[in-house]
Structure formats: structure tokens, C-alpha cells
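Work through the exercises below with the sequence and the model side by side. Try each task before reading its solution.

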Amino acid sequence: MGSVDHLRQRKGAFRIALIPPEVLEALNDGLLETVNLNEFLALELPRLARSVATHIGLDPGSERLSDTFAMLGAFKPMQRHGHIARALYDLTAQHPERDAVAHLLATHPSDVARCWATHWIPMSGLALPEQLNAVRRFAADAHFGVRELAWMAVRDATIQSLDEALRLLQPWAADPDPNIRRFASELTRPRGVWCEQIERLKAEPWAGVALLELLRADPSRYVQNSVANWLNDASRSQPAWVEEICARWLAESDATETRYIARRALRTLSKRTAEEP
């Protein structure tokens with residue numbers, strides 16, 4: 001296939017059936033990033049995995065990959081990606097240039113391939129500080145989907161070493177890159193989405209207050225929404241504390257950013273109050 005540069009600025013089809021064949025070919029060949037959920041769902045995962053394996057120096061016809069493809073239908077769509085990532089990881093373990101293969105996957109043109117690379121981080125057995133170092137490049141990725149998989153990749157390690165995580169993430173919350181700041185907030189949300197809940201932060205959200213204080217007037221709407229969602233999560237189990245911290249923030253600073261965060265943080269409580277007889 002020739003250059004795909006002319007396809008990069010597309011908006012993405014509203015239905016899978018409307019995805020142009022040229023786009024679908026490039027996606028499955030690992031030459032393009034997906035731009036919406038329809039493109040992501042339309043991928044032929046075995047074909048994409050074989051393409052990616054070839055690109056990074058692994059055997060696309062290996063028995064390990066073939067066995068994985070044979071069982072994909074037994075799993076939910078998102079689980080299939082984890083199994084493919086594991087197969088690629090296992091193949092890489094025996095490769096003489098393992099680090100080079102890992103780098104090629106982590107920098108692959110396909111956002112899905114880079115998502116597979118995030119799965120490798122918890123497979124590594126590294127301690128939390130090393131996992132955070134490894135995930136940073138994905139936390140700053142230009143593609144939203146990769147950034148989401150980044151915080152999910154280290155969620156379990158964060159829960160297991162929560163105090164250490166909250167300490168290590170403080171510089172992240174002050175980073176110039178809003179993607180990195182948002183990662184610090186999203187990773188530690190008490191409830192989160194599609195992930196294990198952090199029971200301690202549900203019960204004691206004040207344990208994360210030092211991190212939140214750094215973000216309470218963040219200039220990025222992307223970060224503001226994450227902080228507001230963090231507090232909204234906490235409001236379901238500790239409503240009085242969330243009301244108190246929002247009131248304190250507003251009393252100490254009448255910044256537009258803080259007002260926005262507080263309003264969104266209190267949305268569940270406001271709705272509950274409005275519904276009371």
C-alpha cells in the first residue's frame with residue numbers, strides 16, 4: 001500500500017459499514033490510527049496483529065499467535081486485546097533484541113499496537129516506580145485511547161501501593177503537559193470507569209487531597225473534568241467531605257477553573273438534593 005497521509009485528517013465514519021475500504025485496509029495493516037469507536041470495532045484483530053508482529057520483528061505465523069486467534073471469540077472485545085498483547089509479549093521474551101522490539105511496539109503508527117504495549121507494563125513484574133516510568137510515554141500519547149489504557153495498565157499496582165503512588169504522582173500533577181497532569185488524577189479516581197475501585201479512597205478520599213490541591217485551578221478543561229470526576233466519585237461515599245473541600249477551594253480562590261470543577265464535582269449531590277421531596 002502506498003502513502004496514507006491523505007487519510008490522516010479524516011473525521012471517521014458514523015457507522016462501521018460506511019468506513020471506506022481504503023481506510024479499513026490501512027487500519028488493518030497497522031498504518032493508521034483509529035479516529036473513532038467505529039473504526040476501533042471494525043478492526044480485524046488477527047490481521048492487525050500479524051501486521052504489527054511483522055513490523056516489530058516477530059513471526060506473524062507463530063503457533064503462539066495462531067492459538068490466541070483461535071480462542072478470541074470466547075472473550076469480550078476488550079479482553080481480546082489483552083490476549084493478543086500477552087501473545088506478543090511471550091514471543092518477545094525469546095527474542096535476542098527484546099528491548100528493540102518493545103520500543104518498536106511502543107512507538108508503532110497504530111494506536112491499537114501502542115495500546116497493546118501498555119498491557120506489557122503490568123506483565124513485566126516491575127515495582128510501582130518502574131511501572132510509572134514505563135507508562136509515562138503512553139500517558140503523554142497524542143491518542144486518547146492510548147492515554148486511557150495507560151492509567152488502566154498501572155491501576156492494580158497503584159491500588160497495591162497507594163501511599164507510594166500518591167507521593168510519586170505529585171510531580172506528575174505539576175507537570176507542564178496536561179496529559180500527564182490528567183493521568184495523575186484519572187489513575188487515582190476512587191471509582192473510575194471499567195476498572196477496579198480504590199476502596200480506601202472511597203472511604204477516605206482525603207488521603208488524596210495533596211494531589212488534588214495541585215489541580216484545583218488547572219487551566220486545562222481536560223484536567224478539570226478529571227478532577228471534578230474524582231470528587232464526584234468521592235461524593236457517593238463521603239458527600240460531606242466533598243462539599244467541604246469545594247467550599248474551601250471557592251472561599252480561598254474564586255478562579256473560573258475552580259468554580260467549574262466544584263460545580264461538576266457536586267453534580268450528583270445537587271441532583272440528589274433536587275430530587276428530595
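**Exercise 1. The core**

Task: Find the residues with the most contacts inside the largest nonpolar core.

Solution. The largest nonpolar core has 78 residues. Such a core is a set of buried Ala, Val, Leu, Ile, Met, Phe, Trp, Tyr and Cys residues joined through side-chain atoms within 4.5 Å. Buried means under 20% relative accessible area, exposed means over 50%, and partly exposed lies in between (1.4 Å probe, protein chains only). The residues with the most contacts inside the core are Trp 116, Leu 132, Trp 172, Phe 183 and Leu 231. Helix H7 (residues 111-123) gives the largest share, 8 residues. Helices are DSSP runs (H or I, at least four residues), numbered from the N terminus.

This is a predicted model: local features need pLDDT of at least 70, side-chain atom pairs count only at pLDDT 80 or more, and totals for chains, interfaces and linings use all residues. Residues are numbered from 1 along each chain as its sequence is written, and side-chain values use heavy atoms, with hydrogens and water left out.

Now take Trp 116, leaving aside neighbours within four places in sequence. Contact means heavy atoms within 4.5 Å. Trp 116 is in contact with Leu 45, Leu 48, Ala 49 and Val 52, and also with His 81, Ile 84, Ala 85, Leu 88 and Leu 105.

**Exercise 2. Three helix pairs**

Task: Classify the packing of H3 with H6, of H7 with H9 and of H17 with H18.

Solution. Start with the conventions. Axes are lines fitted to C-alpha atoms, for helices over the stretch in contact, and angles run from 0 to 180 degrees between N-to-C directions. Angles under 35 degrees count as roughly parallel, over 145 as roughly antiparallel, 65 to 115 as roughly perpendicular, and the rest as oblique. A crossing is left-handed if the near helix is turned anticlockwise from the far one by less than a right angle, and right-handed if clockwise. For residue classes, Ala, Val, Leu, Ile, Met, Phe, Trp, Tyr, Cys and Pro count as nonpolar, Asp, Glu, Lys and Arg as charged, and the others, Gly among them, as polar.

- Step 1. Helix H3 (residues 45-56) and helix H6 (residues 98-106) pack at about 130°, with axes 9 Å apart. H3 and H6 are therefore oblique to each other. H3 passes H6 in a right-handed crossing. Val 52, His 55 and Ile 56 of H3 meet Val 101, Leu 104 and Leu 105 of H6. This contact has 5 nonpolar, 1 polar and no charged residues.
- Step 2. The axes of H7 and helix H9 (residues 144-153) come within 9 Å and cross at roughly 10°. H7 and H9 are therefore roughly parallel. H7 contributes Asp 111, Arg 114, Cys 115, Thr 118, His 119 and Pro 122, while H9 contributes Gly 145, Val 146, Leu 149, Ala 150 and Ala 153. By class, the contact has 6 nonpolar, 3 polar and 2 charged residues.
- Step 3. The axes of helix H17 (residues 239-252) and helix H18 (residues 256-265) come within 10 Å and cross at roughly 165°. That makes H17 roughly antiparallel to H18. The crossing is left-handed. Val 242, Cys 246, Trp 249 and Leu 250 of H17 meet Thr 258, Arg 259, Ile 261, Ala 262 and Ala 265 of H18. The contact residues divide into 7 nonpolar, 1 polar and 1 charged.

**Exercise 3. An enclosed helix**

Task: How many of the residues of helix H13 (residues 178-187) are buried, and what covers the buried residues?

Solution. Count first: 9 of the 10 residues are buried, so H13 is largely enclosed by the rest of the structure. Among the buried residues are Arg 181, Arg 182, Phe 183 and Glu 186. The cover includes helix H8 (128-139), H9, helix H10 (155-160), helix H12 (170-173), H15 and H16.

Next, look at Ser 220, in the loop between helix H15 (209-213) and helix H16 (221-235). Ser 220 is buried, at 14% relative accessible area. Beyond its neighbours within four places in sequence, Ser 220 is in contact with Pro 178 and Arg 181.

**Exercise 4. Single residues**

Task: Place Arg 50, Ser 62 and Pro 239, and state whether each is buried or partly exposed.

Solution.

- Arg 50 is in helix H3. Its relative accessible area is 36%, so Arg 50 is partly exposed. Arg 50 touches Pro 60 and Phe 69, not counting residues up to four places away in sequence. The C-alpha atoms of Arg 50 and Pro 60 are 4.6 Å apart.
- Ser 62 is in the loop between H3 and helix H4 (63-71). Ser 62 is buried, at 7%. Ser 62 and Leu 91 are 29 residues apart in sequence and 8.5 Å apart, C-alpha to C-alpha.
- Pro 239 is in helix H17. At 29% relative accessibility, Pro 239 counts as partly exposed. Leaving aside neighbours within four places, Pro 239 is in contact with Ala 234 and Leu 269.

Terms used
Helices (H or I, at least four residues) and strands (E, at least two) are DSSP runs, numbered from the N terminus.
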